[in-house]
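Biologist: I would like to go through this structure and ask how each description is justified. Please show it first.

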Amino acid sequence: MHLVYPATLAVLLFCVGLYGVLARRNAILVLMSVELMLNAVNLNLVAFDVWLRDSLHAGQALTLFTIAIAAAEIGIGLAIVLLVYRNRGSSDIDRLRDLREGTGPPQDGSGPGSADEKSLAPATDNAAGSGSDQGTSAGRQHA
Amino acid sequence: MTLTASHPGFLSPAGVEIVFVLVGLVTLGAALVTVTTRQLVHAALWLVAALGGVAVEYLLLTAEFIAWVQVLIYVGSVVVLLLFGLMLTRAPIGRSPDADSGNRWVALAVAVAAAATLLTVVIDAFRSTWIDVEESVAGSSKVTGTALFRHWVLPFEALSVLLLAALVGAIVLSRRHGQKGSDR
Amino acid sequence: MSTTTLAVLVPLLPFLGAVAGLLLGRTAPGFARPLAVLPTLAATALAITVAARQGGDEPLRAATELTPTGNAALPVQLALHLDGFAVLVAVLVGVVASCVQLYSTGYLREDPRYPSYAALVSLFTAAMFLVVYSDDLIVLLVGWEIMGICSYFLVGHYWETPAARAASLKAFLVTKLGDVPFLIGILALASDAGTFRISTITTRLTSSLSGFELQHPTLVALLLLAGVAGKSAQFPLHSWLPDAMAGPTPVSALIHAATMVAAGVYFVARLLPVFTASTAALAVLAVLAAVTMTGSALAALAQDDIKRVLAYSTVSQLAYMAAALAVADRGAAVFHLLTHGAFKALLFLGAGVAIHAAGTNSLTAMARTGGIAKRAPDAYWTLTVALLALAAIPPFAGFFSKEAVLGAAEHAALGDAHGVPVGVGWIVLIAGLVTALLTAAYAARLWLLAGGDPRPRGAEAGTDADAAGPDAVASDAVAPDPAGGAQAGPGAAGHSAPTPAVMTAVLWLLALPSLALGLAFPVLPDWFDGEDLGPTLATSVLATGVALVGALLTFAAWRHTSAFAAARPPTGTGSDTGSDPGPLLLGPLHRHAAAGFHLDAVYAALVVRPVAASARLVRFLDREVVDAYVRGAGAGPRLLGAAVRRAQTGNVQTYLSALLAGSLVLGVIAVIAATGTGGA
């Protein structure tokens, strides 16, 4: 089998994942795209391992490690996303912009409990109050 | 080592190659839908298809053990985790109009440019490289296990510690604040 | 002690006195007076001893290497050269400086800055001694420049007044304007002659055996002349000297009589062979001297401020010395330098007392309020002696020295002098005779106005005293002497404070040489080059007659104007010239002469305005052009910063996009560079 096939597939998968990371709004979808990119790398590793007939099978071992690390990453990542969602009421990446350069009083950055919650808090039924509580405290920490 | 003059041409593909390309197309299509669909849950399901396609490609590359690990961990656990995450963040069921951020055109440009560059380089470099998949199975469980536990034991154990740490970290992060206050 | 050791001590003592005075002046003001007077007196005594021991014999020379220069053949040496000129001029310097120091103890007895003043006068004296004794051009230049800076400080002693500040700056800048070519000239001379030693240069130039000649005698001589003109206040660099009257009167006496202005003439006298080597330089010197002596004598006739009259008179008399040098008779020049130093110091110190007594600088006001004859009789009589000496009336000192100059000019004019063009002789002779007339005229005017009998207008004395104030202010650009004004504050109101005894004593001390120094003419040739300094009959008769004519003319004019002024009630305006005979004598020329022939205006138009304009241009360039870059250097990054800040959206995806795009570009470049396909 030509090495070009798996290599090309890996490249295309990687770039699709890249597009996903850069274009998706939901943090969980971004995590999915990251998984795609990791898989592209894994595919490359396996293909080159098979091609080179490495006696140590470094490629395959590394693939296994990558899979394990990806699993760990997805666990931690999801935990972070959940925490952010709980604090901010949103898991949209392009709305988490507290670190932007602000001129004058920020419109919606410093008050995550004000503007964001006005739109999002009604969608949450049981975490609305806690969300507002933690939102203000987190906002204070950020400030 | 495979740059022999008698290497098989592209115009007379072997059966395994045809299968690889077909599965690859399916995988790519599934991945594309994953990153473009407006329905978040569908994206997770399409991700299953894409990851499964990759697993099949592993099989075609005679890396059996990796393929099964891929199926077990990715399709079995990661996607399930993602689905749980979607549910816990109250992702809307059905089409959401704002699944893509305003950055999508920039992202498209970067991705296409990256793809073009990488494809050029990769195709240029490996145009005539040939993998002999019929010769022996490169990634049977036996071979992989031998390599893993003979040469890669220490990293393997270190990785287990990493996994443990990630587990603990995830629990700590996702735990609700303050048992004492109980949020209310 | 050997004569050399004594000679070394002469400049050293005032220098040490100056250092001690500057160090102790603030902490121990009680020591200021002894520290000022005693070293100067001791140095004077030593200078007299040196002069007596040297006695006009062969020059004494001593040298020790001070510092090497880049050229091993041109070391700077701490060299002494004691010939007749040096020792006699040193005696003059010492005597005048001692008199000035003694006089200052009285004149500035209430001045809070007296210690620094006295120390600077001592330093000035030390520098002049150094110039006089030094045989090395560089060491001489050091003393020369120390005098320049000291004159700056001393002229600006009353720095509270703008006139003094302006005058000190002007004195410094104008003399420095001459000093730059002077320095170049010294270096050119030294590189031509191969040594800095004055005596070596002159010996080589004068001995006919060596056949040594300068390569560029005219250039060197003219460059040196520029410095001399600046220091000795010759046309066209003389304009600082009348303005320097803003300093205290003793400083004027010191600068004018013995030290600074004399240094230029003395320098030319020392290096006369260099100047005689170039006929062009002699001609230039003669023309400059002739223009200076007649022009400044005319200006002196028109001045209202007594000190400015004396200042222009100094310029004129210095031109006499320069003229003597132009006809290559340095004996006559130094002779006139000595007598002039004596009577000019007396004139200034006496004028200081007169100003003190009258409470004003203005001659017109003095004439109106009454002569100083009654208020300060000592000053009156000594001034009379000094003015007679100045007017060259026999047998006063000025007569003999001026006759020596005119005699030398006559020699040259008749072609008897070796190496001097006949034309130069005639220029000097004619200008000297004209100046003799003018000198007598302004001396007579000064005497008549300052010391003459008060006009019979006693009833109007009160109004006159009132008019004196605005008159003094409006009379000329020179502000009234603040010390004189402060001390003579009561004087303006009608009576004056008594003159300190020490000042009077100094006046009479200086009157002696003014009276009798001229009689030394038979002895002096032993000290000088041996040429006869005695008066010749033709020039004596001519010059004395001319002087008498001038004095009589002035007297007649004074009679006329004072009668006219008595008949007319005083208008009280600044244009009221009272009994001043100057306008009548000078006619339409008076206005220009009073303004120093508008030389300052010419300088303002030629130098000051272009410099000010270019300064404005530079300021404009600095503020608008250079600063624009500086501001741009600030504003550019600010704008860039604002632009970059705008990029900080907080959106991680944007950042990541930029990051990946950048790394992509880098990757492409790396690939192209590695494959080498992009290079073509």
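Modeller: This is a predicted model. Take helix α3 (residues 84-107) and helix α15 (residues 330-358), both of chain C: their axes come within 10 Å and cross at roughly 5°.

Biologist: Why is α3(C) called roughly parallel to α15(C)?

Modeller: Angles under 35 degrees count as roughly parallel. The crossing angle here is roughly 5°, so α3(C) is roughly parallel to α15(C).

Biologist: Which residues make the contact of these two helices?

Modeller: From α3(C), the residues include F85(C), L88(C), V89(C) and Y107(C). On the side of α15(C), V334(C), L337(C) and G341(C) are among them.

Biologist: What makes G341(C) polar rather than nonpolar?

Modeller: Gly is listed among the polar residues by definition, so G341(C) is counted there. By class, the contact of α3(C) with α15(C) has 13 nonpolar, two polar and no charged residues.

Biologist: Now chains A and B. How do you know that a residue of chain B is in contact with one of chain A?

Modeller: The C-beta atoms of the two residues, placed from the backbone, must lie within 7 Å. By that test, 81 residues of chain B are in contact with 64 residues of chain A. Helix α4(B) gives the most to the side of chain B that touches chain A, with 13 residues. That side divides into 56 nonpolar, 17 polar and eight charged residues.

Biologist: Which helices of these two chains pack against each other?

Modeller: Helix α1 (residues 4-23) of chain A packs with α1(B) at an angle of about 5°, and their axes are 10 Å apart.

Biologist: What makes α1(A) roughly parallel to α1(B)?

Modeller: The limit is again an angle under 35 degrees. The angle is about 5°, and therefore α1(A) is roughly parallel to α1(B). Among the residues of the contact are Y5(A), L9(A) and L12(A) of α1(A), and E17(B), F20(B) and V21(B) of α1(B).

Biologist: How do the residues of this contact divide by class?

Modeller: There are 13 nonpolar, four polar and one charged. Glu counts as charged, so E17(B) belongs in that class.

Biologist: What does chain C contribute to its contact with chain A?

Modeller: Ten residues of chain C are in contact with ten residues of chain A. The largest share of the chain C side, five residues, comes from helix α30 (residues 652-675) of chain C. By class, that side has three nonpolar, six polar and one charged residues.

Technical notes:
Residues are numbered from 1 along each chain as its sequence is written. Chains are lettered from A and ligands numbered from 1 in the order in which they are written. This is a predicted model: local features need pLDDT of at least 70, side-chain atom pairs count only at pLDDT 80 or more; totals for chains, interfaces and linings use all residues. Helices (H or I, at least four residues) and strands (E, at least two) are DSSP runs, numbered from the N terminus. Axes are lines fitted to C-alpha atoms, for helices over the stretch in contact, and angles run from 0 to 180 degrees between N-to-C directions. Angles under 35 degrees count as roughly parallel, over 145 as roughly antiparallel, 65 to 115 as roughly perpendicular and the rest as oblique.
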